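I opened this notebook to record what I looked up in one protein structure. The topics are its pockets, its sheet and one helix pair.

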Amino acid sequence: MNKLIDDLNWRYATKSFDSSKSIDDETLNTLKEAVRLTASSYGLQPYEVFIIQDKDLRLKLKSASFNQSQITDSDYLVVFAVNTVIDEAYLDRYIKNIAETREINVEDLSGMRDAIAGTVLQFPQDQKLNWAKKQAYIGLGNLLASAARLRIDACPMEGFDNKQYDEILNLEAKNLTSAVIATIGYRSEDDSLQNAKKVRKSNEEFFNHL
């Protein structure tokens, strides 16, 4: 079987983690870099990623996650938090980063800057947040696929109180708000879901060739 497909068949939304097992630093750094390289609209990356291991902090977040055990039993809790202020200053920082990285003049990027300023920056705030959350979900998808490739177990989660997370992590002060979370680590041998057959639509139902 194709290695990629094998990896994706191996993964599942892990509900029970083995808290005695830890992800080594090299593997974690590889996973972080994979997520950092995730595609995003215009390359703007309108979100930040919090990788939380602190037990006391995760205990607080567990209470804001309907007391789901993955929050504290996994090795890390990953929080995707989107930027709530995407303005001219944010755009200018991005354009400056491009210029420095590619060793070109900022002036040469004026066309790109104008295009972004004329689209994303014109969105109403609720649309802008929705757009940013979509970008964060692309990051989540890449996290899951990359974790599977590295044989790290993960569980994507939407079951948490967004406002409580923002308060506990002091996200508002950073112009951020939590969008989606995931737990990563290694599955418990007692997690029966790891042996369950994956249920998906058939190719005929799922794909449309036009």
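The entries below follow that order.

**Entry 1: model.** I note at the outset that the model is predicted.

**Entry 2: largest pocket.** I looked up the volume of the largest pocket and found about 600 Å³. Its lining comprises 22 residues, and Val35, Arg36, Leu37, Gly43 and Gln45 are the closest to the pocket centre. I then asked which elements give two or more residues to this lining. They are two helices, H2 (25-36) and H5 (88-102), and two strands, S1 (47-52) and S2 (76-83). By residue class, I recorded 14 nonpolar, 4 polar and 4 charged residues in the lining of the largest pocket.

**Entry 3: second largest pocket.** For the second largest pocket I noted a volume of about 220 Å³. I counted 13 lining residues here, with Arg11, Tyr12, Leu193, Ala196 and Lys198 nearest the centre. The lining of this second pocket divides into 6 nonpolar, 2 polar and 5 charged residues.

**Entry 4: sheet.** I next traced the strand order. The sheet is open, has 4 strands and reads S1-S2-S4-S3, with antiparallel pairing. Which strands stand at the edges? They are S1 and S3 (153-157); each has a single partner strand, so one side of each lacks a neighbour in the sheet. Between neighbouring strands of this sheet I noted an average turn of 25 degrees, direction ignored. S1 thus appears twice in these notes, as an edge strand of the sheet and as a contributor to the lining of the largest pocket.

**Entry 5: the S3 and S4 pair.** I examined how S3 is joined to S4 (residues 176-185): the two run antiparallel and share 5 bridges. For Met157, I found that the bridge partner in S4 is Ile181.

**Entry 6: helices H1 and H7.** I looked up the geometry of H1 (residues 3-10) against H7 (residues 125-149). Their axes come within 8 Å and cross at roughly 105 degrees. Are the two helices roughly parallel or roughly perpendicular to each other? Angles of 65 to 115 degrees count as roughly perpendicular, and H1 and H7 are therefore assigned to that class. I then listed the residues that meet: Lys3, Asp7, Leu8 and Trp10 on the H1 side, and Ala145, Ala148 and Arg149 on the H7 side. I classed the residues of this contact as 4 nonpolar and 3 charged, with no polar residue.

Definitions and conventions
Residues are numbered from 1 along each chain as its sequence is written. This is a predicted model: local features need pLDDT of at least 70, side-chain atom pairs count only at pLDDT 80 or more; totals for chains, interfaces and linings use all residues. Side-chain values use heavy atoms; hydrogens and water are left out. On a 1 Å grid over the protein atoms alone, a cavity is a set of points where a 1.4 Å probe fits but cannot get out, and a pocket is an open set with protein on both sides within 12 Å along at least five of seven lines; lining residues have an atom within 4 Å of a point. Grid points are joined across faces, edges and corners, and a volume is the space filled by probe spheres set on the points. Ala, Val, Leu, Ile, Met, Phe, Trp, Tyr, Cys and Pro count as nonpolar, Asp, Glu, Lys and Arg as charged, and the others, Gly among them, as polar. Two strands pair if DSSP finds at least two bridges between them. Axes are lines fitted to C-alpha atoms, for helices over the stretch in contact, and angles run from 0 to 180 degrees between N-to-C directions. Angles under 35 degrees count as roughly parallel, over 145 as roughly antiparallel, 65 to 115 as roughly perpendicular and the rest as oblique. Contact means heavy atoms within 4.5 Å.
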